Amino acid sequence: MRNPIGPLLLSMLFFITFLLISNYAFGKSKSQWLNENPCMIKTITTTVEKDGVKTVTKEEVLKCQDGYDGPNYWELFAQFYYADLSVPAYCRYFARPDHPFKTPGMICLNEKGVWEEQ
């Protein structure tokens, strides 16, 4: 008498192998732009000691591989002084490789010129 579970396990093995191969073959084109132009928020921590008092400052800076690290003074000026309410906020997508679903995050510039994650 044949074991009825054997063909079931074999078909499941083929199905899982097919899923893994197709995910590897087609999964890389999903965020191809983000892989070519990744942006990240770099945290810079500096410690200054003056007269026995330590001052620790933390600064978050947006760094992108393409060299564009955010708007300059005139872009900010045009954004906040000449834009009306129908103009969307200055936002940019950045890669989140540690996110469980690898979805891109969005970072926007507020009126004070500070980047905030949305």
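**Group meeting talk: a patch, a hairpin and a core**

Okay, let's start on the outside: Ile-5, Leu-8, Leu-9, Met-12, Phe-15, Ile-16, Phe-18, Leu-19 and Leu-20 make a nonpolar surface patch of about 930 Å². Keep in mind that this is a predicted model.

Let's pick one member of that patch, Leu-19. Where does Leu-19 lie? Leu-19 sits in helix H1, which covers residues 5-26. And is Leu-19 buried or partly exposed? Leu-19 is partly exposed, because its relative accessible area is 42%, and a residue has to be under 20% to be called buried. In general, nonpolar side chains in soluble globular proteins tend to be buried together.

Now let's zoom out for a second. The protein chain has three helices and five strands, and if you walk along the sequence, you meet them in the pattern α-α-β-β-α-β-β-β. There are 118 residues in the protein chain, and 14% of those count as buried. As for the accessible surface, the protein chain has about 10200 Å², with 61% of that belonging to carbon and sulfur atoms. And for contacts: take the ones between residues at least 6 apart in sequence, and 31% of them join residues at least 24 apart.

Next up, the strands. E1 is residues 39-50, and it pairs with E2 in the antiparallel sense, over 12 bridges. One bridge to look for joins Met-40 to Lys-63, its partner in E2. The two strands E1 and E2 form a hairpin, with two residues between them. Look at Asp-51 in the turn: its phi is positive, about 55°.

Stay on the hairpin and find Thr-47, which is in strand E1. Thr-47 and Thr-57 are 10 residues apart in sequence, and their C-alpha atoms are 6.5 Å apart in space. Which residues is Thr-47 in contact with, leaving aside neighbours within four places in sequence? Those are Lys-54, Thr-55 and Val-56.

Last stop, the inside. The largest nonpolar core has seven residues: Cys-39, Leu-62, Cys-64, Phe-94, Ile-107, Leu-109 and Trp-115. Two elements give two or more residues to this core, namely strand E2, residues 53-64, and strand E4, residues 105-109.

Click on Ile-107 in that core. Setting aside its neighbours within four places in sequence, Ile-107 is in contact with residues including Leu-62, Phe-94 and Trp-115, and these three are core members too. Ile-107 is also in contact with Ile-41, Tyr-90, Cys-91, Arg-92, Glu-116 and Glu-117.

That's my tour, thanks!

Definitions and conventions. Residues numbered from 1 in each chain as written. Predicted model: local features only at pLDDT ≥ 70, side-chain atom pairs only at ≥ 80, totals over all residues. Heavy atoms only, no water. Core = buried A, V, L, I, M, F, W, Y, C linked by side-chain atoms within 4.5 Å. Buried < 20%, exposed > 50% of the residue type's maximum accessible area, 1.4 Å probe, protein only. Helix = DSSP H or I, 4+ residues; strand = E, 2+ residues; numbered from the N terminus. Contact = heavy atoms within 4.5 Å. Pairing = 2+ DSSP bridges. Patch = residues over 30% accessible without salt bridge, like charges linked within 9 Å, V, L, I, M, F, W, Y side chains within 5 Å. Areas by Shrake-Rupley, 256 points an atom, 1.4 Å probe, with all protein chains shown as cover. Salt bridge = Lys/Arg side-chain N within 4 Å of Asp/Glu carboxyl O.
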